[in-house]
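Subject: Structure handover

Hello,

Here is the structure for your files. My notes on what was found in it follow below.

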Amino acid sequence: MTALQINIPIKQADKVFITLDENTENTLSNKDDFVQIDDNNIDSVIFS
């Protein structure tokens, strides 16, 4: 399986849940530069 190269942007929400399957190994990391699309500084894997 290959790694996905996406971030998780959350524009508006009361609550956000990230649910992972049991007995799996998951990694969230910030390795690349992100493109700023508005006045916010998007520089993380999960941005809200």
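In which strand does Ile46 lie? Ile46 belongs to strand β2, which covers residues 46-47. Please bear in mind that this is a predicted model.

Overall picture
The protein has two strands and zero helices. Of its 48 residues, 8% count as buried. The accessible surface of the protein is about 5,100 Å², and carbon and sulfur atoms account for 47% of that surface.

The nonpolar patch
Five side chains are worth looking at together: Val16, Ile18, Leu20, Leu28 and Ile46 make a nonpolar surface patch of about 450 Å². Two of these residues, Ile46 and Ile18, can be described further.

Ile46 has a relative accessibility of 37%, so this residue counts as partly exposed; the partly exposed class runs between 20% and 50%. Ile18 falls in the partly exposed class because its relative accessible area is 46%. Ile18 sits in the loop between β1 and β2.

Which residues does Ile18 contact, leaving aside neighbours within four places in sequence? Those residues are Ile8 and Ile46. Ile18 is therefore in contact with a residue of strand β2, as Ile46 lies there. Ile8 and Ile18 are ten residues apart in sequence, and their C-alpha atoms are 10.0 Å apart in space.

Asn23
Asn23 is also in the loop between β1 (8-9) and β2. Its phi is near 60°, which is a positive value in a residue other than glycine. Most residues other than glycine have a negative phi. Is Asn23 buried or exposed? Asn23 counts as exposed, because its relative accessibility is 81%, and the cut-off for exposed is over 50%.

Regards

Notes:
Residues are numbered from 1 along each chain as its sequence is written. This is a predicted model: local features need pLDDT of at least 70, side-chain atom pairs count only at pLDDT 80 or more; totals for chains, interfaces and linings use all residues. Side-chain values use heavy atoms; hydrogens and water are left out. Patches are made of residues with over 30% relative accessible area and no salt bridge: like charges are joined within 9 Å, nonpolar side chains (Val, Leu, Ile, Met, Phe, Trp, Tyr) within 5 Å. Accessible areas come from the Shrake-Rupley method with a 1.4 Å probe; for residues, only the protein chains shown count as cover. A salt bridge is a side-chain nitrogen of Lys or Arg within 4 Å of a carboxyl oxygen of Asp or Glu. Helices (H or I, at least four residues) and strands (E, at least two) are DSSP runs, numbered from the N terminus. Buried means under 20% relative accessible area, exposed over 50%, partly exposed in between (1.4 Å probe, protein chains only). Contact means heavy atoms within 4.5 Å.
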